Amino acid sequence: MNPDIIQQARNNTPLIHHLTNQVVMNFNANGLLAFGGSPVMAKEIREATDMAKASDALVLNIGTILESEADAMITAGKAANEKGIPVVLDPVGVAASSFRKDMVEKILQEVRPTVIKGNAGEIASLVDANIQSRGVDSVGEGNVDEIAEQAGRKYDTAIVITGKTDVIHADQKLIYNQTGHPLLSNITGSGCLLGSIAAACLTTSYTVSEQLSSALSFYGLAAEHAAKLPHVHGPGTFLPSFIDALSFTPKQLNGGLEDDF
Amino acid sequence: MNPDIIQQARNNTPLIHHLTNQVVMNFNANGLLAFGGSPVMAKEIREATDMAKASDALVLNIGTILESEADAMITAGKAANEKGIPVVLDPVGVAASSFRKDMVEKILQEVRPTVIKGNAGEIASLVDANIQSRGVDSVGEGNVDEIAEQAGRKYDTAIVITGKTDVIHADQKLIYNQTGHPLLSNITGSGCLLGSIAAACLTTSYTVSEQLSSALSFYGLAAEHAAKLPHVHGPGTFLPSFIDALSFTPKQLNGGLEDDF
Amino acid sequence: MNPDIIQQARNNTPLIHHLTNQVVMNFNANGLLAFGGSPVMAKEIREATDMAKASDALVLNIGTILESEADAMITAGKAANEKGIPVVLDPVGVAASSFRKDMVEKILQEVRPTVIKGNAGEIASLVDANIQSRGVDSVGEGNVDEIAEQAGRKYDTAIVITGKTDVIHADQKLIYNQTGHPLLSNITGSGCLLGSIAAACLTTSYTVSEQLSSALSFYGLAAEHAAKLPHVHGPGTFLPSFIDALSFTPKQLNGGLEDDF
């Protein structure tokens with residue numbers, strides 16, 4: 001991780017427009033606020049362009065997408081592309097229904113994302129590779145490296161595949177991230193919030209591969225830090241401390257609260 | 001409570017499709033994840049059948065229902081009935097407006113629930129009995145046993161009426177549950193989440209009356225456990241510890257953290 | 001603060017109907033429940049009148065408003081005006097898009113709010129004054145007193161402008177509130193929830209200026225109380241304790257947990 005990326009992202013207090021799913025909005029907004037970004041969440045097509053134009057990055061997340069929302073996503077995405085700000089696409093549960101696949105394809109025909117972020121089953125579904133999904137979770141195994149490269153080539157974009165080991169394909173190379181904690185998969189929206197933290201880091205002046213690997217590394221360290229706290233006994237008590245940890249410096253996450261506060 | 005039902009429900013990690021209200025989605029998903037289930041939440045009619053077909057149970061909750069959402073609920077419900085998976089219907093606030101009553105009747109004409117779960121005012125409203133409601137809460141008194149039996153006969157389904165004493169009518173008998181804690185009524189969605197935990201237990205190989213009474217007993221014990229913790233000073237600090245408790249074993253909830261961790 | 005207003009609001013357990021934004025619903029409902037109110041949240045136009053008629057106050061919050069939702073807000077608002085119950089309007093992010101400005105103007109043409117509550121940028125936008133906004137946040141400076149008076153005159157309503165110092169314009173006078181804590185601006189929806197607490201206090205038998213200043217003072221004290229607790233290390237751990245604090249008495253918030261529990 002490059003701590004300067006985290007610091008620069010915070011200095012930007014980037015305004016990040018979200019068209020995202022209803023399940024995670026509150027958690028996602030609080031997590032991004034804690035990190036140092038500024039969330040805006042809105043789905044009305046009539047303001048999609050205004051919002052994207054005022055923003056520093058855009059997150060499109062199809063977790064609870066309605067057919068009527070796809071056009072607002074496309075309008076916001078095109079405005080973001082025109083302005084040249086980063087666009088993160090999270091194809092949540094794309095393998096779970098043909099409808100979601102249609103929606104993602106429709107979006108990708110008109111919007112060029114900076115990065116597509118998903119679990120193995122979701123990204124595999126984008127390139128018709130065969131990794132089993134179950135609802136919004138990935139449960140099968142497969143050659144994740146190859147899938148990341150394929151998806152990156154197909155959509156000419158960076159790819160993040162989250163999992164026990166996260167795989168990043170960006171700037172023509174593969175990067176792996178090993179930070180993280182199993183409790184992350186026990187709270188809903190941990191992948192979605194990662195998309196927002198990545199978007200914040202993408203507003204800095206570094207290469208995409210550096211930005212994404214720093215975002216993922218930081219995010220996983222925050223989870224590790226929170227999970228170790230003595231009052232954390234499960235996913236419920238993990239969540240508030242994880243949000244806290246997203247507001248800490250990389251040094252604080254490494255050294256622990258005692259050393260640095 | 002039969003601890004084997006809780007254990008079997010967890011072994012299933014049941015995928016539970018929710019068409020539920022916007023207020024509780026995040027809490028509900030986190031609670032079900034903690035318990036050991038796998039939530040999916042989506043309201044687009046075009047994927048309602050795909051989602052129901054991939055799922056192990058379905059929860060229909062009308063807490064913030066829009067007229068445009070009723071058809072997706074019916075489509076999902078019919079697909080669930082065809083597949084033979086459990087359907088939990090939660091008629092939140094049905095006594096609060098004639099619109100909600102219309103919606104519930106419309107759903108019940110086409111979908112056969114495994115259980116209808118609500119507070120006394122809500123279930124009373126389904127059989128035109130007279131228990132006072134206020135918004136989404138039940139405030140009056142009445143013969144709850146009789147109402148449970150009437151509603152069960154009318155809709156040929158199991159009934160759960162939540163309250164200080166919960167009443168279950170299933171398998172031609174009445175069962176009472178006394179576990180629980182007043183703090184549950186100070187957090188929004190505690191009834192909604194109970195519907196998801198019940199749905200998870202309904203995926204096991206026991207009778208409906210055993211499944212429902214174990215779900216309710218476990219849920220109440222988790223609340224009692226959390227409420228007793230020394231750092232819990234109100235509904236805000238209760239909530240994270242309650243989510244934790246939903247991930248514990250029945251034995252842990254009985255004996256307390258000290259004995260069993 | 002007048003503690004009797006807080007006490008009377010709680011004795012009323014006011015049923016407060018919300019047409020509010022998707023990001024904050026859960027937090028907002030939990031905060032109002034903790035305080036002692038009873039939240040109902042629904043956006044279907046067909047039940048807007050029923051709900052408003054059953055309620056003791058109405059909150060209209062445009063944070064994630066869709067064009068299709070404006071009519072339900074107007075229907076609910078008109079029913080509330082007819083019944084004579086307090087209406088709180090929160091024009092979240094009104095300066096962020098011309099669409100939002102249209103929506104607020106449309107609502108204000110048909111609904112008469114008891115109070116309009118927003119940050120400086122939002123209220124400035126209503127009177128075409130010039131305070132810079134960024135997304136849903138106010139970032140510029142300006143003559144806030146004057147803006148409060150102008151907006152109050154223009155819409156014949158009380159005005160609350162939140163900020164480091166809150167400004168209330170009601171009953172032909174300006175009142176200032178200094179309670180509060182910076183952590184409030186690091187959790188999403190803290191302004192929205194304040195609208196609900198204000199609505200609860202507006203159901204008491206005091207003047208609007210007394211009701212609003214007591215609501216704001218109490219809310220800020222609750223934040224100060226929570227922020228001082230030894231286990232609060234950031235916005236994540238602040239939130240549950242803040243919800244707890246909303247359930248405390250003014251005396252408890254002043255004296256601290258040790259003295260009063």
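## Where chain A meets chain C

Between chain A and chain C there are 14 residue pairs in polar contact, counting pairs with both residues at pLDDT 80 or more. That confidence score is part of the picture because the model you are looking at is a predicted one.

Let us stay with this interface for a moment. On the chain A side, the elements that each give two or more residues are α2 (25-35), β2 (38-41), α3 (45-54) and α10 (235-246) of chain A. The one that gives the most is α2(A), with six residues. If you sort the residues on this side of chain A by character, you find 15 nonpolar, eight polar and seven charged.

How many residues of each chain take part? In contact are 30 residues of chain A and 31 residues of chain C. Together the two chains bury about 2300 Å² between them, and 53% of that area is on carbon and sulfur atoms.

Charge has a part here too. Side chains of opposite charge can pair when their charged atoms come close. Between chain A and chain C, the count is four salt bridges. For one of them, look for Arg46(A) and Asp102(C), whose closest N and O atoms are 2.9 Å apart.

Now step back and look at chain A by itself. This chain has 12 helices and 10 strands. Its C-alpha trace spans about 50 × 40 × 35 Å along the principal axes. How does that fit with its length? A compact globule of 261 residues would have a radius of gyration near 18 Å, and the 17 Å of chain A agrees with this.

Next, consider how the copies are arranged. Chain A is superposed on chain C by a rotation of 120°, with 0.0 Å of shift along the axis and an RMSD of 0.0 Å. To find the axis, start from Gln22(A): of the residues of chain A, this one comes closest, with its C-alpha at 3.9 Å. Only 7% of the interface residues of chain A are also interface residues in chain C, so the copies meet through different surfaces.

The step from chain C to chain B can be described in a similar way. A turn of 120° and a shift of 0.0 Å along the axis lay chain C on chain B, with an RMSD of 0.0 Å. That is the relation of a three-fold axis. In chain C, the C-alpha nearest the axis belongs to Gln22(C), at 3.9 Å.

Finally, return to the salt bridges, this time within single chains. Over all chains, the count comes to 30 salt bridges. In chain B, the side chains of Arg112(B) and Asp156(B) meet in one of them, at 3.7 Å from N to O. This pair links distant parts of the chain, 44 residues apart: Arg112(B) is in the loop between α5 (98-110) and β5 (115-119), and Asp156(B) is in the loop between α7 (144-155) and β8 (158-162).

Chain C offers another example, where Lys43(C) and Glu69(C) form a salt bridge, also at 3.7 Å from N to O. Lys43(C) lies in the loop between β2 (38-41) and α3 (45-54) of chain C, and Glu69(C) in the loop between β3 (57-61) and α4 (70-83), so the pair ties together parts that are 26 residues apart in sequence.

Note on methods
Residues numbered from 1 in each chain as written. Chains lettered and ligands numbered in written order. Predicted model: local features only at pLDDT ≥ 70, side-chain atom pairs only at ≥ 80, totals over all residues. Heavy atoms only, no water. Contact = heavy atoms within 4.5 Å. Buried area = accessible area lost by both parts, 1.4 Å probe. Polar contact = N/O pair within 3.5 Å; in protein donor to acceptor, adjacent residues only side chain to side chain. Helix = DSSP H or I, 4+ residues; strand = E, 2+ residues; numbered from the N terminus. Nonpolar A, V, L, I, M, F, W, Y, C, P; charged D, E, K, R; others polar. Least-squares fit on C-alpha atoms with pLDDT ≥ 70 in both. Rg over C-alpha atoms; globule rule 2.2 N^0.38 Å.
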